[in-house]
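Here's a quick briefing for anyone opening this structure for the first time. Take a look at the picture, then read on.

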Amino acid sequence: MGEVSTTQDVIVGSGAGGAVLAARLAEAGRAVVLVEEGPKVSKADFTQREDAMYGLLYRDAGNQLTKDGAISVLQGRCLGGSTTINMGDCVASPEAVLEHWRQHFGWGDWGGITNADIARASDRAMADMGAGPIPDALYNRNNRLLEEGAKKLGLKGSRLLHNRTDCLGSGYCLIGCAYDAKRGTLLSHVPRALAAGAQLMADSRVDRVTLDGSRATGVVGDGFDIRAERVFLCAGPIHTCGILARSGLKRTELGRFLSLQPQAPMTALFRDPVDFHRGIPQAWGLDGSLEVSVEHGLGGFSIESVSAGPGMTASLVPVPFDRLGPLLSKYRHIAAALCLVPDRPTGRVVWGKGARPAIKYASTPEHRERLVQALETAARIYLAAGAEQVLVPTPEGLVLKTDADVAGIRELPLRSCELPLISAHPQGTCRMAGAGEPGVVDLDFRVRDSEALYVCDASVFPTTASTHTMVPVMAMAHLLADQLGG
Ligand SMILES: Cc1cc2nc3c(=O)[nH]c(=O)nc-3n(C[C@H](O)[C@H](O)[C@H](O)COP(=O)(O)OP(=O)(O)OC[C@H]3O[C@@H](n4cnc5c(N)ncnc54)[C@H](O)[C@@H]3O)c2cc1C
Ligand code: SF4
């Protein structure tokens with residue numbers, strides 16, 4: 001099996017969950033090994049070239065798809081996990097979502113953890129990353145257009161909090177920050193963990209957990225065998241359940257209850273340059289259309305401005321090839337937003353013998369209706385902001401020029417694969433649930449009926465936690481560290 005090493009705690013994955021846990025446990029004096037499948041990267045590696053960076057930093061070079069090919073499931077596969085390639089927006093779980101989990105998934109009083117404790121854990125996660133308001137100087141025209149258009153329609157939204165310091169507004173956040181400004185775990189928690197003595201093993205894919213009866217005794221991968229007193233799986237919702245499946249866990253709930261929170265892009269062309277690729281990409285979001293209730297959790301929709309390099313932009317406007325060139329020649333005039341539509345946890349990840357899972361997901365009619373509403377609203381916002389054209393990303397390339405044209409969106413068949421949907425927030429597959437409720441993980445983060453084996457990443461959420469999931473995951477890691485005396 002290769003080299004054998006021994007530690008107290010082995011943590012799999014260095015993203016939002018794993019790195020926070022590694023920092024907290026190492027600082028508490030535990031011997032920690034942090035194992036990361038992806039490469040050890042730093043600002044020197046971030047060349048700002050899309051062709052090289054997706055391959056270096058993303059799972060499957062950004063091509064991880066649902067089984068039907070309809071949704072691109074984006075995840076980081078590098079040191080810092082998805083926090084290295086994310087947009088840096090910091091949003092905590094709304095209290096109504098937490099109440100939803102307490103009432104519908106047996107969380108009850110969650111062993112005495114109150115909503116105030118969770119709020120404190122979220123604040124702590126934000127403070128760790130130096131989170132704060134996005135300054136005016138970095139607030140670009142792309143964001144202003146969305147905000148102005150929404151205001152004209154009387155729609156509510158707000159500027160987001162972010163985790164950047166000394167940001168130059170270069171706009172390359174999705175392919176790694178070459179200026180050490182975006183303070184994901186690569187710059188916040190991983191260095192803290194290492195300073196406290198944690199050992200990092202990058203380029204090391206964990207295959208499975210070893211068990212002695214129900215007790216976890218370590219992890220093994222290609223060329224390494226780590227013996228540990230406790231094992232923490234933080235490999236993200238698609239891969240943590242794979243490690244558990246390969247380790248022989250047979251629970252029927254494993255891999256189920258996946259939310260993808262699909263997002264549809266919407267683009268518009270303005271007469272004057274927008275230069276959406278400069279400045280902070282995602283700084284303003286419509287939040288008045290979100291519906292958060294104790295009964296249903298997160299619903300409704302939000303719309304947030306976004307930008308992308310020419311490569312990703314081309315992949316998200318599925319116009320025929322002969323029209324792609326002319327459109328991209330207007331790259332500086334493009335404004336773009338993502339319509340984010342929280343879903344129900346209806347998906348499933350199935351791991352067979354291969355190295356890749358089947359990510360099964362089918363949209364429901366209710367979700368499709370909210371997606372249509374979000375697209376209609378985004379179109380109206382851009383027209384109110386003065387767009388010459390709004391481009392609805394369908395194969396036919398629906399072009400809207402007036403409010404009356406917006407009705408065309410509802411007539412689209414919107415079959416699977418017709419809209420280029422993205423998931424940046426996969427959640428679930430190892431649901432945390434109270435006693436008697438279907439789930440994989442107990443309320444103390446322990447895998448059910450096991451000892452010394454924990455899951456702490458976006459896998460544990462019973463339903464979608466927030467419009468942005470980094471801070472909710474980090475808050476969970478802080479709460480677990482508190483429980484363990486870290
Ligand atoms: C493009 C993009 C933009 C986003 N923007 C935002 C945003 O602005 N704000 C926000 O709050 N959230 C955002 N998110 C989501 C947020 O980053 C994630 O929800 C969060 O990082 C999830 O944390 P995690 O610990 O579950 O997994 P991750 O952060 O994805 O970390 C999992 C780690 O485990 C490693 N791993 C997987 N399998 C193995 C294995 N077998 N062995 C060893 N290591 C393994 C992976 O390589 C990865 O490094 C974005 C995500 C993406 C992809
Ligand atoms: S916009 Fe700021 S955080 Fe994003 S890549 Fe540029 S300098 Fe880094």
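Which domains is the chain divided into? There's domain 1, made of 3–63 + 76–130 + 178–254 + 429–483, and there's domain 2, made of 133–164 + 263–342 + 364–415. Keep in mind that this is a predicted model.

**How the two domains meet**

- Measure from C-alpha centre to C-alpha centre, and domain 1 and domain 2 sit 31 Å apart.
- The two do touch: 22 residues of domain 1 are in contact with 19 residues of domain 2.
- On the domain 1 side, the elements that put in two or more residues are α2 (50–57), β4 (89–90) and α3 (95–104).
- The top contributor on that side is α3, which gives five residues.
- Sort the domain 1 side by class and you get eight nonpolar, eight polar and six charged residues.

**Two helices that cross**

- Now find helix α5 (residues 141–152) and helix α10 (residues 365–384), whose axes come within 7 Å of each other.
- Those axes cross at roughly 95°, so α5 and α10 are roughly perpendicular to each other.
- From α5, the contact uses Leu146, Gly149, Ala150 and Lys152.
- From α10, the partners are Ile381, Tyr382 and Ala384.
- What kinds of residues make up the contact of α5 with α10? Five are nonpolar, one is polar and one is charged.

Notes:
Residues are numbered from 1 along each chain as its sequence is written. Chains are lettered from A and ligands numbered from 1 in the order in which they are written. This is a predicted model: local features need pLDDT of at least 70, side-chain atom pairs count only at pLDDT 80 or more; totals for chains, interfaces and linings use all residues. Axes are lines fitted to C-alpha atoms, for helices over the stretch in contact, and angles run from 0 to 180 degrees between N-to-C directions. Helices (H or I, at least four residues) and strands (E, at least two) are DSSP runs, numbered from the N terminus. Angles under 35 degrees count as roughly parallel, over 145 as roughly antiparallel, 65 to 115 as roughly perpendicular and the rest as oblique. Two residues are in contact if their C-beta atoms, placed from the backbone, lie within 7 Å. Ala, Val, Leu, Ile, Met, Phe, Trp, Tyr, Cys and Pro count as nonpolar, Asp, Glu, Lys and Arg as charged, and the others, Gly among them, as polar. Domain bounds come from an automatic or database domain assignment.
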